[in-house]
Structures are given as structure tokens and as C-alpha cells.
Amino acid sequence: MNEDEIIRVAELMKIDLEDHGEHVGRVKKMLEYFDILDQIDLSSEEITSQEKSLTELRKDEFIPHDKKLIESLKNFREHYVRAPKMN
Amino acid sequence: MNLNTSILKYIEDVKSGTFTVEEFTAATLQRIKDVDADVHAYLSLNKSAINDAKKIDQKISSGEKIGQCYGFPISIKDNICITGTKTTCASKILENFIAPYTSTVVNRLQNEDAVITGKTNLDEFAMGLTTEFSAYGPTKNPWNLDYVPGGSSGGSAASVAANECLASLGSDTGGSVRNPASFCSVVGLKPTYGLISRYGLISYANSIEQIGPMTKTVKDSAFLLNIIAGQDANDDTTIDNNHVDYLKDIENGIEGKKIGIIKEMTTTDGLSSEVSTATKDAINDFESLGASCEEVTLPTIPYTVAAYYTITSTEAGSNLARYDNIRYGYEMESEGYEYNSYISKSRMKFGPEVTRRIILGGFVPSAGHAGKYFLKALKVKSKLISEINSAFEKYDYLIAPTAPVQPFKFGEKIDDPVTLMLLDYNTVTANLTGKPAISVPYRVSDGLPVGMQIMANSLEEKSLFQAAYALETKTNLPEVPL
């Protein structure tokens, strides 16, 4: 991963980097360490996951909240959150 | 008043009238006042702790039904929500965030009349191993203030070790309860994945993180687990534990049990000589308790740290996308900013380690790189689960030192990310496989603690506590010098 890629990924992850140089070395070192994953034979390995059926999940039901949550937000007007304009 | 007491002894003393809940709480708050300027275990204190204690005393004196906790003081890691209180995750981006609801674990504790002392320090968003990545300054190790307390639940561990409470709740994604427990000489449990509700725990890596108790004794850990474990409708990953009583039969011993000594964790180059010696002595202790010990090899372990950081960075990148500073966050004028540029600018408040993890989390699962990193990491996880399940067909427990080294000085390792990552070498296996693991204080060598880790099969916490308690009986540790 080079500096340009770091800047590009940071853009995608929505973070302005004041000094990308601060991160380049460390991120590179971490990725270099991750190369150890190339040394293990995983050819016969399947990715397993835990599954839960929909019937096991709690019901998607409305539970009233005793406070007006919107009033605890930083910036709102009536029922709407205020946010900067989109271009 | 002796604050270096266990929860169970405290309850006995309150019941017998040796002291009131208010007296003990007041003494605890005074202790915090006396030592926390140095230790910095707490980020905020519960201003109504004394009132909470008085209410419990009133219940006791009026003969009202009283909860199992009898007002014992407990601290909570500052990534666990309590309604109406600050929950910062030790991050500037949540500097003034007030939680609008209470986590299930805290609800359960409060329903049983525990007194919350305050919220404890951590590495920002629980990403770190020393608390050096807290945006509010590090916590110091009560055993030696020049040394790190471990992390990320370093504030929780230090608060228990320094007698600033009787217990704490931490969260463990890759060792964040067990590592600081080892460094501060307290008991730290990472339960089976799903045993404790994560509702109200601010997410970092949902697929592997768990809340865990940090206590002075193994029995206290079992007592706390009795209260906080079990299914929760608000967390669909929780599992039914059939109301197991973890405290019952805890003294049954481990006669005839089979223990596997994990070769990859006990013969690694990074193991210090003090930790190595302590491990050999612990093995002798287990054998003297009637267990049989033999070496077991889990060949996937050398790849677990890379797999762990790949998976957790990916999940962190997703989880932390919600912090856009629009609905909640810190004060930053939005005038003059376009929507996306405002978000990118505001997210500069993330600290350096969190920023790096988010960048990694954007990179390793991305098109073109996922095959090399993320998908491989998931396969490593699957392979490791198969290996460890096979091991538990033969052994009751797997053991290793909790951390390969003892606590170290501030700044000593912070500049080398790989050295820091490798501190997780012995702990991430329990997270990736979902197995329970406990760190038991075993030795204090040159004034610094060493902890031993015991791992058991899924939902075998009761048996795990029996082994941990048995090992604890073989120790005779000094009091913290603070």
C-alpha cells in the first residue's frame, strides 16, 4: 500500500488526513505483517458462519421511548435533523 | 476500612452490620479521590453514588427485598452505555455524548442493587493494549505507575487493582479484559460468545467481542457472571445458559482433568523468561492438584493475530462509519461545509490508532484485496475453530500465559505496531473461536504481575471457574503497593 492508496482509502472512509505520512509507515508495517496469511495452506478450508433462522429473532416491533430522542441531538428543527447541504 | 476485600466478603460484612453500604461507598469514593489523580482509572464518576448507597441502606433497614449485590461498588468501562451519563469510548469524537439508554449488563447489575462508581478509561474505541491510545491520557498501572496497565480495559483493571471499586466490567475483543487483568493482577473473564448481552456496548467488532467481569477473586467473577449472563431479547446473538449457577461447586477441584499446554503460546520467541518460568510453575501446580498436563499443538495459531486484525479492522471500518458528527458528537460549525466534506473534516477527531484501523478496514476487504486478506482471515478463523474443537475432544482445558510479557514502561512499544499486535498472541484465539477464557493472577515478579490463562470449551464456564479457583488457591500474592 503506497501513500496514494492510503489517501484514496481514507477518502473513501471519509477521513481527512492532516498528515498522511504519520500513518503510512505504520499501516504498511501492519499490512506487511498480514502477509503471513500467504504462508498458510487454506485450499481445503471453507468459510463457516453461524446462522440463525428468522423465527429465532425477536419481533420487529415498536417500543415507545419515554423521552423525545430528537431533543438530545445537537442540531434539529421540529422532527428533522439539521445537516450541511449536499452538493 | 479495608477496601481490599472481595465482593462475597463485602456482602457478608454488610449483612452482619460491620459497615453500611453508604460507609463503604464513601470510603471507596475517598480512595478514588486519594489515588486516581495518579492512576487515572476513571474518566467520569457517578455523582449519585452516595445517594444510591443510602437508598440500599434504607431497603436493608426497612426489611425490603434487597438485590444480590448489596450495594457493592463497581466501575464500568466507558464504552458501555448508562442512560443520562457520558459515554466517550475515550474518544474526542464522543466527548459530550450522553447515552440515551442503559446497557443490559448495567440494568441487570442495578436491578440487583450494585452501586456504579463511574466510567473507566480505555484505548480509544477499545483499540489498543496499553490505554496509551485514550484521547484523555493513559491509565497507570497501580503496581508501578511508570508501567502500562494493559488494555484496552486498562482503566477497569486498574480501578479494581487500586481498590477504587470491588469489580469492573470490561469488554474483550482480542484480549482486552484478560490482558489488563494479567498486567494489574486481577481476575478477567472473556465468556463464551453470546453468553453476555452486548446491548449497550458500543460496537467495535461485533462478531467476536464480549463484555466480561474483572474482579479480585475467581469466586467474585463467578458471582458476577451469575448476574449478567443469559439471553437478552435486545441482543439476538445471546444464548440460553439455562440459569447455570457458576458459583456452586466452584471448589470441586480438577482431580483427573486433562490439560493441554498450548505449544505455540508457551514456546514462542516473544515469551519473557519470567513468564516462561511462571508458566512452568503453574503447570506443576495443576499437576499437584491432580490434573494431567501435556503439550498440544494448534498449528494455526501463528496466523491468528493477522487474521484477528484483518477481521476487526474490517468490522471497525463499518461500525465507525456512523460517527458523522451530525446527530451527535462534538461542537463543530457546519456553515460553509458541503455534507461529505463536513463529515470527513469532523472525523479528523478520531485518534491516530483508530484512524489507522479505519484505513485498514477500508483496504483489507476491498475489491482486489479481499482475497489476499479478509477472505483468508475468515478461513483461518474456520481452521482454528476445527483445531480447537478437536483439542477439546481430548482435553478439559487449554492453558498458556495470558500475555507473553509482563507490563512494560510507557512509550516502550507504542512506536512499533507489530510488537503491539503480538501482545495479543495468546488471547485472540479465544475470541476468534468464541471459547471462554479466564486470566488468573499467578505471580508478582520484580514487582510486576504475571497472569495465567485457562481456556475451556463453549459454555463450560462452570468448569473453567473450578480450574481457575483451584489455581488461585496455589497462589499467595502481595498487596498492591499503592
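A polar contact is a pair of N or O atoms within 3.5 Å; within protein, one must be able to donate a hydrogen and the other to accept it, and residues adjacent in sequence count only if both atoms are side-chain atoms. This is a predicted model, where local features need pLDDT of at least 70, side-chain atom pairs count only at pLDDT 80 or more, and totals for chains, interfaces and linings use all residues. Residues are numbered from 1 along each chain as its sequence is written, chains are lettered from A and ligands numbered from 1 in the order in which they are written, and side-chain values use heavy atoms, leaving out hydrogens and water.

Start by selecting B:Asn431 and B:Asp172: their side chains share a polar contact of 3.0 Å. B:Asn431 is buried, at 2% relative accessible area (buried means under 20%, with a 1.4 Å probe and protein chains only).

Now show α10(B), residues 304-319, with α2(A), residues 21-34. Helices here are DSSP runs (H or I, at least four residues), numbered from the N terminus. Color A:Met30, A:Tyr33 and A:Phe34 on α2(A), and you'll find them meeting B:Val305, B:Ala306, B:Tyr309 and B:Thr310 on α10(B); contact means heavy atoms within 4.5 Å.

Stay on α10(B) and add α13(B), residues 374-394. B:Thr304, B:Ala307, B:Thr310, B:Ile311 and B:Thr314 in α10(B) meet a set in α13(B) that includes B:Phe374, B:Leu378 and B:Lys381.

Technical notes
Axes are lines fitted to C-alpha atoms, for helices over the stretch in contact, and angles run from 0 to 180 degrees between N-to-C directions. Helices (H or I, at least four residues) and strands (E, at least two) are DSSP runs, numbered from the N terminus. Buried means under 20% relative accessible area, exposed over 50%, partly exposed in between (1.4 Å probe, protein chains only).
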